[in-house]
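Subject: The structure I promised you

Hi,

Here is the structure we talked about, for you to open and turn around on screen. My notes follow below it, so keep both in view while you read.

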There are 2 protein chains.
Amino acid sequence: MTDTLIDRRDLAFQLYDVMDTEALLQRERFRDHSKDTFDAVIETADRIARETFANHNSAADKDEPRFVDGEVQMLPEVKQAFDAYAEAGFLAGRYDEALGGMQLPESIMAACNGFFTAANPGTAGYPFLTTAAANLIRVFGNEQQRRTFLPPMLSGRFAGTMALTEPHAGSSLADIRTSASPTDQGHYLIKGAKIYISGGEQSLTDNIVHMVLAKIKGAPAGVKGISLFIVPKFRVDADGNPGERNGVSLAGLIHKLGYRGTTSTALSFGDDAPCHGYLVGEPHQGLKYMFQMMNEARLGVGFGAAVIGYRGYMHSLAYAKDRLQGRKPSEKNPESPQVPIIEHADVRRMLLAQKAYSEGGLALCLFGARLMDDQHTHPDPQKREEAGKLLDLLTPVIKAWPSEYGPKANDLAIQVYGGAGYTREYPVEQCWRDNRLNPIHEGTNGIQALDLLGRKLWQDQSHGLQILLQEMQVDLKAATSERCQPWALSLSETLQQAVKVTQTLGKSLMGGDPDPALANASCYLHLFGNIIVAWMWLRQANAAIDGLAAASSDADRHFYNGKLQAAQYFFHWELPTVAQDLVLLRNQDNTCLNMQTEWF
Amino acid sequence: MTDTLIDRRDLAFQLYDVMDTEALLQRERFRDHSKDTFDAVIETADRIARETFANHNSAADKDEPRFVDGEVQMLPEVKQAFDAYAEAGFLAGRYDEALGGMQLPESIMAACNGFFTAANPGTAGYPFLTTAAANLIRVFGNEQQRRTFLPPMLSGRFAGTMALTEPHAGSSLADIRTSASPTDQGHYLIKGAKIYISGGEQSLTDNIVHMVLAKIKGAPAGVKGISLFIVPKFRVDADGNPGERNGVSLAGLIHKLGYRGTTSTALSFGDDAPCHGYLVGEPHQGLKYMFQMMNEARLGVGFGAAVIGYRGYMHSLAYAKDRLQGRKPSEKNPESPQVPIIEHADVRRMLLAQKAYSEGGLALCLFGARLMDDQHTHPDPQKREEAGKLLDLLTPVIKAWPSEYGPKANDLAIQVYGGAGYTREYPVEQCWRDNRLNPIHEGTNGIQALDLLGRKLWQDQSHGLQILLQEMQVDLKAATSERCQPWALSLSETLQQAVKVTQTLGKSLMGGDPDPALANASCYLHLFGNIIVAWMWLRQANAAIDGLAAASSDADRHFYNGKLQAAQYFFHWELPTVAQDLVLLRNQDNTCLNMQTEWF
């Protein structure tokens, strides 16, 4: 077991050497910041995460929230952590100073939040949901809604939730049934049931602000008839003081496989008492609004998956250096001392894979956060637009790739521990269970694949894809070192084939029946995702070559050599796995599509 | 949630159409049996498994055994299940009638045991460990040991365990420290500590018979100094009646991620009281004896992994047929009814992959059981020898392939369920947790890879490999149908490349330093395993083509079409993944081997 949540040396490399985060300091919005303030806020996040979040990660898993007499009982440490996060200013970290915020770039906020998830994903859920809900109100709420709800949410007196899913409508939001009836007092009456609502009940805050999707009576069918409502647990006066209980109630807690510290709830609206809801923005625009939050949440899911993978890697690396077991095959003397298991080639493989997945995932998610920064704060409007389009294209990858490979990393961490890894006496099994949520929530990875292949690639005449190809060219061209050149070549060749198969699929999609072209969307996501992460590794490798040339200490040389070896691992062991996807996509393989229900 | 543990239609197909289990009826040992008695015993296993094992699978997971006042408290249902298994005669199922056994073939016993593991792996652990321990005594024990211990073990009054691992010696048995000192009363005094001993304490039986590896004082170093001892919890008189408490005691329970119904214990020997142990066979031959058990246990682990995968598949298949969600991409009308999720191509992919892994794994394990039958009962002595050698070669694959792909199947089962799959209110998450043990115990899959590439391939001048190639040729040649021919061709081509790379690796291994040649052993295991399972699918496909030609009902046609589609899935989607292994092995890729500890 190790204290390290995310390797600070690696994070600094990624933020400053690979991404040039310091360039943000030139921008108007961040002019009061400096590299020192960035580092200080990261230091604070790391410290609070270790002291206040990591301390009860295991305890909150073992002693999950209970539903007793209509109340949720939780460990007191969860509230202490939530309050510490709020008091350090992270709830409002990205907000304007005028709103009490720190005006931090997304790149830095993402890095900070990484420490909290790595330390304790269950507890980190509450503040993250709160900022996501607050963000919706900030962007789409009216003046009064912002005045009423934002201050208590950003200071941690109120928490927020996202209430989308219903028992019969999970992936298919078009089919939600929760209804909203207008009244002549300005509010709507909400009626219905929601399920899997994270943080839907807790004992942390004075109030809970649910962001609820519902259909106003007479609305159009499908997604075009969905509206967004604020539904507080306690109704509030104009100053935001909670008063009378609103008609939203806890129908039950759901018991999860992991992420146990975050309550997962079934909520009923308007069952026992009238449930007031306040329309956000225009009627029937709810899904569009919610998608802003959802896109941010998807980036957050990817980040979480990457850092839980990272955390397991840190644990298993420490264990592998410490645990003595066996000898190398070439050592035939049974009386020679046992070696640390990190000496065994297969254990190195499992550690190197974890390094490639975790640091590759981290690089991808930080890149996404930087795109958000560029989208909102780049001085050049064209660059802002381009960053937004590229982020849009990459969002399904940033959600899905780490949530596929982060759990793989955790699986390998268990295997490195061997029998010990299978016990709850060691920490990696919890990482593995916690991380298993990430391929499911905020749109399953199957949904992400459809979003990428069915929609994102073709938006705006594939402008996003063109931007991507240009950006990749920059790094491919920069890969002039002897070590990186062959990797750039193999990435470039794979990319060409992927572009070709993309064009073929595009023609099929435009040409008529979308079902066959979309049938193997998951292969496409795997192909595309691994190309993107290979690019992330090429960027790191290019930076490592520069770093190595300038390195003045053994520690530095070891660090850069490790980066290059992990890049080599990715190019030799991972990128080639897409050959299989290319074949299946090229052939529009119909094995799955043609399988019949009655044949199972 | 479904009642089906293993599809009986599939099992019958595999046993009778693919493997011709009826041929065993010609053999002397099985002459009192008939297809009817085989079917009746399978029916009994399925029924007892559903009624007495499945009934508390979830309860025993939620309410795991507790250590209270030096005793282990367990659900009463566990003892009822253990007793039902014993009363139905399964403990002695494979034994001679003279020993009260049923003289069942291994093929049938394996199938029967599959139902118990699918129903409740935790509870099934106790009888399985007991038969494994009894088998060691039967083969290597002396007359008195057999007379004393076998009757109560085969009737379920005593249970058995395997005590190998020590806190500092898991994979590396050479380093065990538990000692055995001879006395002049015939027994030895055992002193030491063991860990992860499954069933090491329980409240099911009058006595527990531990099969313990220990070193006699003055024994040679390493594996050549290990002896095997019987260490009963209670010492017994000549008639096998338990008397005085022996000096083996429970030091603590270990809390596992899954398989919670089976106690995992730390045991101490000779700490508070003298611990008597009785030497089995010759001194210093213990590891050789234990390996007989270990090889059987490895087949059992593979079988367990396959059927837990199978069980999750059955659950998720039932759910996918029932759960309505969304519409096909081509359906643009939001008011059209939602479809069962099995209609979605990506869900079909996840079900088809589960089918390919579960049924492929089952085929592999039944094939292994048949080799055991042939090894012991084939009328032709040469065939007996060949079966033994082939089984020896395939044992690491039969252990490792299902324990890699069974958990993959369970992972997909969770994904099919979506959010529901992540909750403990649905059954698939437990399958996933239970199955995670299988890549670890009885030799991690990394150890299996070294066993295959470092030892098994080269034994007896690679005679096992030659037998394998001959056997495969039979089925490759039989694949004359239009559907199967291309699959046979691709298998044959892959096989040729694998043989070539095997020869190259063999030369490196013989030539000097084994470390580089063994560094990517896990790739070799992946390559070899997928070739073997592709062969298993070709055998099934050949049989399905015959079945389809003779089919007289829609149900039959659906069944065979399903088999062919799953075979196609395996040949299009899974077998090609070994291309990557071939490249890495051919190049003796040194990425992992050359990674340095300080670079991490």
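Which residue just after α18(A) takes a positive phi? That would be Gln588(A), with a phi of about 40°. Before you go hunting for it, please keep in mind that this is a predicted model.

**Around α18 of chain A**

Let's stay with that helix for a moment. α18 covers residues 578-586 of chain A, and its buried residues are Val578(A), Gln580(A), Asp581(A), Leu582(A), Leu584(A) and Leu585(A). What lies over them? The cover includes α14 (485-511), α16 (521-550) and α17 of chain A, and also α17 (554-574) of chain B. So if you hide chain B in your viewer, you lose part of that cover.

**Where the two chains meet**

That brings us to the interface. On each side, 95 residues take part: 95 of chain A are in contact with 95 of chain B. The area buried between the two chains is about 8000 Å², and carbon and sulfur atoms give 57% of it. Three residues to click on are Tyr422(A), Trp573(A) and Phe600(A): they supply 12% of the area that chain A buries against chain B, more than any other three residues.

How many salt bridges are there between chain A and chain B? The count is six. One to look up is the pair Glu64(A) and Arg424(B), whose side chains meet with an N to O distance of 2.5 Å. Polar contacts show up here too, with 59 residue pairs found across the interface. Helix α17 of chain A (residues 554-574) gives the largest share of the side of chain A that touches chain B, namely nine residues. Sorted by kind, that side of chain A has 37 nonpolar, 32 polar and 26 charged residues.

**Two annotated domains in chain A**

Next, a bit of record-keeping. An unreviewed UniProt entry places "domain: Acyl-CoA dehydrogenase/oxidase N-terminal" at residues 40-156 of chain A. In the model, that span is 68% helix and 5% strand, and its end C-alpha atoms lie 22 Å apart. From UniProt, again as an unreviewed entry, comes "domain: Acyl-CoA oxidase/dehydrogenase middle", at residues 162-270 of chain A. Here the make-up is 0% helix and 49% strand, with 17 Å between the end C-alpha atoms.

**A buried methionine in chain A**

Now go to Met290(A), in helix α8 (residues 286-322) of chain A. Is Met290(A) buried or exposed? Buried, because its relative accessible area is 0%. Leaving out residues up to four places away in sequence, Met290(A) touches Leu136(A), Met162(A), Leu164(A), Met211(A), Leu213(A) and Leu228(A). You can also check the gap to Phe140(A): 150 residues along the chain, but 9.7 Å from C-alpha to C-alpha.

**Three stops in chain B**

Start with α1 of chain B (residues 8-18), where the buried residues are Asp10(B), Leu11(B), Phe13(B), Gln14(B), Leu15(B), Tyr16(B) and Val18(B). Among the elements that cover them are α2 (35-53), α5 (106-119) and α8 (286-322) of chain B. At the N-terminal end, Asp7(B) acts as a cap, with a side-chain oxygen 3.0 Å from the backbone nitrogen of Arg9(B). After the helix comes Asp20(B), which has a positive phi near 50°.

Then try Ala60(B), in helix α3 (residues 57-62) of chain B. Ala60(B) counts as buried because its relative accessibility is 5%. Apart from its neighbours within four places in sequence, Ala60(B) is in contact with Leu75(B), Arg260(B) and Gly261(B).

Last comes Asn246(B), in the loop between β9 (242-245) and β10 (248-254) of chain B. Why does Asn246(B) count as buried? Because its relative accessibility is 3%, and the cut-off for buried is under 20%. What does its side chain meet in there? A polar atom of the Asn246(B) side chain lies 3.0 Å from the backbone oxygen of Pro232(B), and the side chain also reaches the backbone nitrogen of His276(B) at 2.8 Å. Beyond its sequence neighbours within four places, Asn246(B) has contacts that include Val231(B), Phe234(B) and Cys275(B).

Happy exploring!

Methods:
Residues numbered from 1 in each chain as written. Chains lettered and ligands numbered in written order. Predicted model: local features only at pLDDT ≥ 70, side-chain atom pairs only at ≥ 80, totals over all residues. Heavy atoms only, no water. UniProt positions renumbered as here; feature names shortened; annotations may be inferred. Helix = DSSP H or I, 4+ residues; strand = E, 2+ residues; numbered from the N terminus. Contact = heavy atoms within 4.5 Å. Buried area = accessible area lost by both parts, 1.4 Å probe. Salt bridge = Lys/Arg side-chain N within 4 Å of Asp/Glu carboxyl O. Polar contact = N/O pair within 3.5 Å; in protein donor to acceptor, adjacent residues only side chain to side chain. Nonpolar A, V, L, I, M, F, W, Y, C, P; charged D, E, K, R; others polar. Buried < 20%, exposed > 50% of the residue type's maximum accessible area, 1.4 Å probe, protein only.
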